[in-house]
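Please look at the structure shown below before reading on. The report that accompanies it is meant for a reader who has not met it before.

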There are 2 protein chains.
Amino acid sequence: MNKNKDVAGEEQSGALMADVARLAGVAISTVSRALANPGRVNEKTRARINAAAKQLGYTPNAMARGLRVGKSNTIMIILPGSPYYGASQIIPQVLQSINKSLIQQGYNLMIANLDREEVSERHILDLAFGGTVRGAIIFSSKLPEIDGRSPADSGLPIVSMLFDMSDAGLPSVVTNDREAIREATTELIRSGHRRFLYIAGPTGNYHDVERYGGVLEALRAGGLSEEAVSRSGGELEYQHGFEIGIRAVDDFMKLAARPTAVIATSDDMAISFMSRIQRAGLSVPGDISIVSFDGSPVCEFCSPPLSTIEQPVEEMGRAAVGLLLDAVRQTENAVAMRTIIRSRLILRESIASPKG
Amino acid sequence: MNKNKDVAGEEQSGALMADVARLAGVAISTVSRALANPGRVNEKTRARINAAAKQLGYTPNAMARGLRVGKSNTIMIILPGSPYYGASQIIPQVLQSINKSLIQQGYNLMIANLDREEVSERHILDLAFGGTVRGAIIFSSKLPEIDGRSPADSGLPIVSMLFDMSDAGLPSVVTNDREAIREATTELIRSGHRRFLYIAGPTGNYHDVERYGGVLEALRAGGLSEEAVSRSGGELEYQHGFEIGIRAVDDFMKLAARPTAVIATSDDMAISFMSRIQRAGLSVPGDISIVSFDGSPVCEFCSPPLSTIEQPVEEMGRAAVGLLLDAVRQTENAVAMRTIIRSRLILRESIASPKG
DNA sequence: TTGTATGCGTTATCAC
DNA sequence: GTGATAACGCATACAA
């Protein structure tokens, strides 16, 4: 029954359930039950079956199973596409965390990239509508769409991570961007800062709205006007953080009343900004204090060490998986539309009181 | 025939080939041919079928297809598992590059993690033997193994990336570690350096052997003895690059005759080493020159900017995919066992002539 | 508790 | 050039 050519005694793959059944002396259906369900079968025959399966090195064919039960056990993660992700240096950690959680629950992780190319978008749609995946975790504020169809129309459970897309009906796992950056700004104000430069990712983007909003709230609470903060950036995506930081130096230099503190919305921006501003002869934190967002490990080793807001990405990954699998399993207890995992401000030497 | 409940006019997923056939007024088998093969079917009926498929939003069921043809179109990438990958900050780029190449050829990318936990190893084996994946790209020098079975026994095409595993029979895509680091060391010697500290990943590891070998070759060629270089590290994996760099500072300080140049085997090691050595009052490149390996974008923004050997990871990714798909398609022209993509030394201000 | 029979959605082998 | 029909490997309804 095993179709494989026995290549010189080499153990090829491909033992089937039928092979196991024959070796154990039972029917195929009995093998199926024994391997899947906990009870339902005599202990002695179960033992025979397990032994036979082990002896043959039997591994169930996932595609046959998936076809039969009408569902796959693969989850897709949709990552923002770009030459490199450096921006948030967190993707590998997220992948690690999500994959680990999924494996423990018996799921696989497939990755998809969402750049603006049609082939990528079509690929995602095919995955969604072709029954290949059972659910998706998305890392982007926009879903792919072709011919007016988006993965959301597939009936596939989707959860958003990092971006709050609860308005669009997607359960979202986010961090408290607004609050965290408000706290950081408050800390700067407390240190005596009164003029700020805010370095932004794409304008209007969820994170921009939240984070900039947090800055403004802190200013108000501190009795300062919105005039106290200047904006830089706004055109480039987060992926181009280093470039954004470099450009921000130009913006900074042009300002009549120079800010004494910089709030960057990603570590990359802060790192390149700090590098170039120091080269221009200014000192950190002597002339300028800097705080940023992401919590990349590398920040600890900048000179001076960079204060940053650390996103608990592993915890967020676990939460996203939890939410997604709840939806996948149709657990009817309504899934939370918004799960907030708190970020943590790590204070390092890049922040000090302004001179004078 | 479509089993889906038409929820209030909402277009649910799930048009089948049978649905398309009925709408186009042909048999299922004709639809199958029309959608798959180039010729083989009348142009007019093909047009009708395509129209029907589009109208219904038909997407072929990948699992059914896979089951029927006996092969999947999913490739698995096996990543080294660890709390975070930071070490070589290259994983996201690699993933991006590999995924893009695969999609263009009609394949999907699944990720698997290889940590030392049994659940992970078993997962990889299941993927390999369960017919879920068609081939694998591995990023680790050791294959998972359970009950004496490894993915290599599955008959699955596997290619190794970064590590040269051609000895184990795996086609490998690597960079010219040895030559690149020899070149870097030669550059240091040319600048006048005579005493070196080499910061290592795991001792005996492929990269360690190659890179350290490159250092020794350069020393010999420069008329220096092996005594000219001291080693630090050797216990921790590359993932713990920052920690390795920190420990290297201690080793450095203990040396009677202090090296004037440091060769780090990853950017992370160099970054944390530099940070801590500067804090200890030494200057780079005044007292110590530093060069490292990886080519992370962040190196440009260190102070001083860090010289590093840039691995062309995207090109390596493309090459790995090419090799793998050649094997998958049974293209009988023997696949190259070792493909070398050349690294490039990026000279920056972390290197200068030693004092005196 | 176990065996028999059917079908998941597709491709491939036949006839026509 | 097109249409029936039989697998692919497994899970389940039902019969025994």
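The text that follows takes up the contact between the two protein chains and then the surface near the DNA.

This is a predicted model, in which local features need pLDDT of at least 70, side-chain atom pairs count only at pLDDT 80 or more, and totals for chains, interfaces and linings use all residues. Residues are numbered from 1 along each chain as its sequence is written, chains are lettered from A and ligands numbered from 1 in the order in which they are written, and side-chain values use heavy atoms, with hydrogens and water left out.

**The two chains**

Chain B is superposed on chain A (by least squares on the C-alpha atoms of residues with pLDDT of at least 70 in both) by a rotation of 180° with 0.0 Å of shift along its axis, at an RMSD of 0.1 Å. That is the relation of a two-fold axis, and in chain B the C-alpha nearest the axis, 2.1 Å from it, belongs to Met110(B). Both copies use the same surface, since 98% of the contact residues of chain B recur in chain A. Where contact means heavy atoms within 4.5 Å, 65 residues of chain B and 64 residues of chain A take part.

Between them, chain B and chain A bury about 5,400 Å², 58% of it on carbon and sulfur atoms; buried area is the accessible area (1.4 Å probe) that two parts lose on being put together, summed over both. In chain B, the residues that lose the most area to chain A are Met63(B), Gln96(B) and Phe301(B), together 13% of what that side buries.

Eight salt bridges (a side-chain nitrogen of Lys or Arg within 4 Å of a carboxyl oxygen of Asp or Glu) are found across this interface. One of them joins Asp115(A) and Lys100(B), with the closest N and O atoms 3.8 Å apart.

**The surface near DNA strand C**

Counting a residue as near if one of its heavy atoms lies within 4 Å, there are 24 residues around DNA strand C, of which Thr30(A), Asn42(A), Arg68(A), Tyr58(B) and Arg68(B) come nearest. Of the strand's atoms within 4 Å of the protein, 59% belong to sugar or phosphate, and the rest to bases. The table gives pairs of N or O atoms that link protein and bases.

| Protein atom | Base atom of DNA strand C | Distance |
|---|---|---|
| Ser29(A), polar side-chain atom | oxygen | 3.2 Å |
| Arg33(A), side-chain N or O | oxygen | 3.0 Å |
| Ala64(B), backbone N or O | nitrogen | 3.4 Å |

Notes
Polar contact = N/O pair within 3.5 Å; in protein donor to acceptor, adjacent residues only side chain to side chain.
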